[in-house]
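Welcome, and please have your viewer ready with side chains switched on. We will walk from one charged pair to the next, selecting as we go.

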Amino acid sequence: VKITANDELKVLKQHLKQSRSWSARAKKIKSDEDHSRSLEVKALMDEYPNLLIELPDEIAALKKATSCYCLCRECHSTGLMVACDECGEWYHGNCVGVTQAQANRCEKYKCVRCLLTKGM
């Protein structure tokens with residue numbers, strides 16, 4: 001079977017169209033800020049390795065949207081978030097018992113995990 005340059009161009013155009021469609025769907029989900037669309041996000045992330053064109057910004061945004069934090073393993077909320085200065089993990093203030101006033105006074109925060117594993 002002989003493959004011509006025209007055939008290769010058609011394949012590349014198909015891949016470009018597929019990548020543009022994927023990118024548009026990813027951007028729509030990102031702009032919706034709707035965390036209930038996790039099945040769509042998972043489907044997009046599953047499709048990504050099959051794309052011929054790399055879209056690092058879009059895949060990074062999807063990964064960030066599905067990142068979970070805290071002891072509760074829930075995604076970011078609109079409330080106070082505090083970061084452990086040892087491990088870099090983020091926690092909801094309510095989950096770790098830290099108020100905004102306490103966070104403002106605290107120079108460094110060490111999470112419970114780090115306190116238990118690395119000592120005080």
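Let's begin with a term for the labels on this tour: a residue is buried when its relative accessible area is under 20%, exposed when it is over 50%, and partly exposed in between, using a 1.4 Å probe and protein chains only. What you have open is a predicted model, in which local features need pLDDT of at least 70 and side-chain atom pairs count only at pLDDT 80 or more, while totals for chains, interfaces and linings use all residues. Residues are numbered from 1 along each chain as its sequence is written, and side-chain values use heavy atoms, with hydrogens and water left out.

**First stop: Glu47 and Arg25**

Select Glu47, which is partly exposed because its relative accessibility is 32%. Now add Arg25, also with a label to check: its relative accessible area of 36% makes Arg25 partly exposed. The two side chains meet in a salt bridge, 2.8 Å from N to O. That term stands for a side-chain nitrogen of Lys or Arg within 4 Å of a carboxyl oxygen of Asp or Glu. Arg25 sits in helix 1 (residues 5-32) and Glu47 in helix 2 (residues 38-47), so this pair ties together parts that are 22 residues apart in sequence. Helices here are DSSP runs of H or I with at least four residues, numbered from the N terminus.

**Second stop: along helix 2**

Stay in helix 2 and select Lys42 and Asp46, which lie four residues apart there, about one turn of the helix. Their closest N and O atoms are 2.9 Å apart, and the two form a salt bridge. Colour them by accessibility and you should find Lys42 partly exposed at 49%, with Asp46 partly exposed at 46%.

**Third stop: Glu58**

Move on to helix 3 (residues 56-65) and select Glu58. Is Glu58 buried or exposed? Its relative accessibility is 12%, so Glu58 counts as buried. To see its surroundings, show the residues in contact with it, meaning heavy atoms within 4.5 Å. Leaving aside residues up to four places away in sequence, Glu58 touches Trp22, Ser23, Ala26 and Lys27.

Keep Lys27 selected: it forms a salt bridge with Glu58, with the closest N and O atoms 3.6 Å apart. This pair links distant parts of the chain, since Glu58 is in helix 3 and Lys27 in helix 1, 31 residues apart. Lys27 itself is partly exposed, at 48% relative accessibility.

**Before you close the session**

How many salt bridges does the rule give? The count comes to three.

Conventions
Helices (H or I, at least four residues) and strands (E, at least two) are DSSP runs, numbered from the N terminus.
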